[in-house]
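Please open the structure in a viewer and keep the selection tool at hand. The stops below are arranged so that each selection leads to the next.

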Amino acid sequence: MAPSYETLRDENLDEEDFDYDEVDVSDLKEKYEVQLEQGYDTFVVIDGLPEVTEEQKPKLVKFLLKKLNTVGKTSEDAIFMPFGDHGKSLRFAFVEYSSPAEAAAAVRQLDYSPLDKKHTLRVNKMTDIDRYGREGRIDEEYTPPHIEPFQEKEHLRSFMADPTGRGRDQFVMYRGDTVGVFWNNEKDQPENIVDRPHWTETFVQWSPLGTYLTSVHQQGVQLWGGASWTRMRRFAHPFVNLVAFSPNENYLVTWSNRPISIPDEGHPQLSIDDDGKNYVIWDIETNKPIRSFAQQDTPAAGPDGEVKKPAKFPWPAFKWSADDKYVARLNQGTSISVYELPNMNLLDKTTIKLDGVVDFDWAPATVKRDGVKEYEQLFCFWTPEIGSNPARVGLMSIPSKQVVRSLNLFSVSDAKLHWQSEGAYLCVKVDRHSKSKKSQATTLEIFRVKEKGVPVEVVDTIKDTVINFAWEPKGDRFVTITTTEPVGATAVPPKTSVAFFCPEKAKGNAVGNFKHLRTLEKKNSNAIYWSPKGRFVVVATVHNTQSSDLDFYDLDFEGEKPESDKDLTANLQLMNTADHYGVTDVEWDPSGRYVATWASAWKHAMENGYHIYDFRGEQLREEPIEKFKQWAWRPRPPTLLSKEEQKQIRKNLREFSRVFEQEDAERISSADVAVVQERRRLLEDWYNWREVVEEEIAEERAELGLPADPIEELLKAKAAEVAPNGEEQVIEEIMEEVLEETEEIVN
């Protein structure tokens with residue numbers, strides 16, 4: 001019979017005759033020791049369960065399985081719930097999943113999730129329980145945690161309070177190896193706030209509301225902010241290439257073209273579950289990763305072992321709903337995956353199947369559709385023609401996944417989705433080909449999202465191909481740029497036409513049909529930049545070596561309106577034209593008062609630097625800077641004023657304007673006084689310096705026995721000069737003077 005604890009004799013337990021140190025059992029220990037990471041990595045321990053009896057256990061297990069199976073596969077037989085001597089459960093359970101990845105997902109997504117109103121689950125890996133909970137790892141005596149004294153943090157929106165009271169905007173410049181943040185001073189030299197060399201390794205980027213400045217490094221991403229520009233957050237994603245924020249700055253997406261590799265000694269923020277992934281979604285507040293994803297278009301090795309270049313992928317790869325509650329990813333040609341925040345669970349545990357889906361885009365604002373009271377977020381998508389099935393554009397409501405409007409299209413070469421900033425309109429730019437596929441034209445399918453039934457209006461008066469389209473922010477007008485020549489890379493950029501569209505006048509608050517306002521032919525323009533406040537637009541030519549035009553337009557010009565435009569909601573006027581040679585980028589400041597244009601050294605090395613214009617197109621400042629790379633205005637958060645308050649301000653704008661004009665005049669005059677005072681100070685300093693130098697020279701001449709005034713001595717010597725024979729010399733000079741002059745004409 002095998003020995004048991006009860007059958008062991010006392011002599012067998014005597015340790016005095018047995019020296020453990022003389023026996024080397026390391027080889028046996030290495031051979032037979034259970035490796036927890038390999039043996040129990042599919043198990044998790046769930047705490048926080050309600051206390052139940054044996055009769056109540058099946059009901060609890062069945063209820064618990066619904067939550068456990070949202071992240072993986074497990075069964076009733078794989079759940080072990082210990083019971084105490086009192087006949088009730090001990091409020092925890094062991095659960096086995098089918099794979100270690102599912103167990104890791106359970107820990108990541110179910111920890112701190114509510115089971116019901118009274119119970120919150122705590123989920124941990126079984127290997128972690130053994131690693132951190134074994135004897136000696138936890139002190140038996142409770143030691144209260146050390147609480148750091150409260151320290152008041154800097155206000156992250158301090159940039160909204162301009163110390164001069166002029167409501168200036170900030171911008172960041174990246175030139176050479178130095179990054180600096182400045183106040184815009186219009187015509188004057190920008191006021192430097194902070195300037196740091198090697199602040200970033202690749203580029204800088206503002207968060208959407210202007211709270212943080214992002215710097216990108218080989219080790220990861222850092223967020224800076226506050227009045228002292230201290231580091232607020234750090235996200236350790238090695239070799240990060242691109243970053244993208246959620247609209248409300250709650251989350252951050254980082255991407256690297258190199259898959260993450262977790263070293264043996266571990267990683268400060270990422271776990272082994274993130275190994276091999278390219279994308280990481282972070283919670284900015286907690287500074288922790290929520291979930292990671294692999295790149296879908298991973299390059300594959302050819303038959304000769306050579307790695308093929310991956311296909312281009314759209315950025316951002318993850319797109320956010322307007323309220324940060326959902327994020328979605330396109331699975332090219334098959335489906336769209338929508339995840340719920342903050343747990344990153346797949347909505348309804350399934351992807352949205354859409355055969356052939358090419359692109360999608362969320363509405364940039366939460367839209368209130370006519371007659372719909374339930375909460376919803378909208379996104380649009382389009383699928384191409386497949387076989388005999390037509391191309392389709394759809395508008396889907398989330399979380400219901402209901403397609404609230406769809407439109408079938410034929411002879412489609414391509415389509416682009418353009419939301420208006422408030423989500424009131426969706427324009428689908430459809431490029432259609434002829435039957436022979438030799439020619440192409442564009443139609444605009446405009447969804448009126450806020451109107452009942454989401455009617456679709458078609459603008460089919462465009463005979464050419466639209467290469468650029470832009471809605472007016474917070475408005476209902478748009479601009480297009482078209483060309484008659486094939487789209488693609490050409491030695492000489494094609495001539496383009498710029499067309500303006502606006503609605504007809506309608507009764508009440510209704511918006512009329514969209515009508516063509518004006519077309520400007522034979523242009524070189526290829527880019528459209530609307531003021532963030534609407535009304536003003538810059539139509540520019542960028543990335544063009546032959547032309548660099550900037551045209552400034554006003555669509556609400558207060559002058560006389562042409563008779564043909566009486567029934568339209570716009571009055572177009574060209575305010576000014578400018579030229580910035582080699583311009584690569586154009587950006588409005590968030591107030592809509594100034595426009596910055598720059599020529600980046602990332603694109604070319606000719607005449608790098610920036611220009612600043614006012615909204616009318618008058619150049620305020622020009623500064624060439626060697627190795628100038630990047631300019632970015634600091635965004636502002638949305639205004640706290642209601643629409644009624646904003647309307648009242650516009651109504652009384654003339655009164656405010658007088659105050660501002662007086663302040664500007666005083667500032668200019670005070671600046672002139674300051675310049676005069678500075679010049680006087682410099683002149684006084686120069687007089688003082690000259691007096692000191694003259695005293696030093698006089699002392700040196702006295703020491704050398706030289707006359708104090710050499711010029712006076714020379715004059716005396718000149719006056720005492722005499723001829724060699726002792727007589728004074730007389731020098732005669734003959735002067736000729738014309739007294740009168742007459743002119744006589746001889747035949």
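Which residues gather in a patch of negative charge on the surface? Select E691, E695, E696, E699, E700 and E703: these residues form that patch. The model is a predicted one, and the selections that follow should be read accordingly.

**Helix α7**

Centre the view on E699, which is placed in helix α7. E699 counts as exposed because its relative accessibility is 52%, and the cut-off for that class is over 50%.

Now select the whole of helix α7, residues 653–704. Besides E699, helix α7 also holds V659. V659 is classed as partly exposed, since its relative accessibility is 43%.

Extend the selection to L641, I649, L653, F656, V659 and F660. Together they make a nonpolar surface patch of about 510 Å². Helix α7 is the main contributor to this nonpolar patch, supplying four residues.

**From D169 to R636**

Next, select D169 and R636 and display their side chains. The two form a salt bridge in which the closest N and O atoms are 2.8 Å apart. D169 sits in the loop between α5 (126–133) and β5 (170–175), and R636 in the loop between β41 (628–633) and α6 (643–651), so this pair ties together parts that are 467 residues apart in sequence.

Colour the pair by accessibility. D169 is buried, at a relative accessible area of 3%, whereas R636 is partly exposed, at 32%.

**Strands β26 and β27**

Move to E445 and R432, whose side chains meet in a salt bridge at 3.2 Å from N to O. Select strand β27 (residues 440–448) for E445 and strand β26 (residues 425–433) for R432; because the partners lie in these two strands, the salt bridge ties together parts that are 13 residues apart in sequence.

Which class does each partner fall into, buried or partly exposed? E445 counts as buried at 4% relative accessibility. R432 is partly exposed, with a relative accessible area of 23%.

**A network of salt bridges**

Select D162, R168 and E191 together. Salt bridges that share partners join these three residues into one network.

Within the network, focus on D162 and R168, which form a salt bridge with their closest N and O atoms 3.0 Å apart. D162 is buried, having a relative accessible area of 10%. R168 is buried as well, with a value of 6%. Both therefore fall in the class defined by a relative accessible area under 20%.

**The whole chain**

Finally, clear the selection and show the entire chain. How many salt bridges does the structure hold? The total is 27, and the pairs visited above, including D162 with R168 and D169 with R636, belong to it.

Switch to a cartoon display to follow the secondary structure, which comes to eight helices and 41 strands. The chain has 747 residues, of which 38% count as buried.

With contacts displayed, consider how far apart in sequence the partners are. Among contacts in the chain with a separation of 6 or more, 49% are accounted for by residues 24 or more positions apart.

End with a surface representation. The chain exposes about 46,300 Å², and carbon and sulfur atoms supply 51% of that area.

Note on methods:
Residues numbered from 1 in each chain as written. Predicted model: local features only at pLDDT ≥ 70, side-chain atom pairs only at ≥ 80, totals over all residues. Heavy atoms only, no water. Patch = residues over 30% accessible without salt bridge, like charges linked within 9 Å, V, L, I, M, F, W, Y side chains within 5 Å. Areas by Shrake-Rupley, 256 points an atom, 1.4 Å probe, with all protein chains shown as cover. Salt bridge = Lys/Arg side-chain N within 4 Å of Asp/Glu carboxyl O. Buried < 20%, exposed > 50% of the residue type's maximum accessible area, 1.4 Å probe, protein only. Contact = heavy atoms within 4.5 Å. Lys, Arg positive; Asp, Glu negative; His and termini not counted. Charge placed at Lys NZ, Arg CZ, Asp CG, Glu CD.
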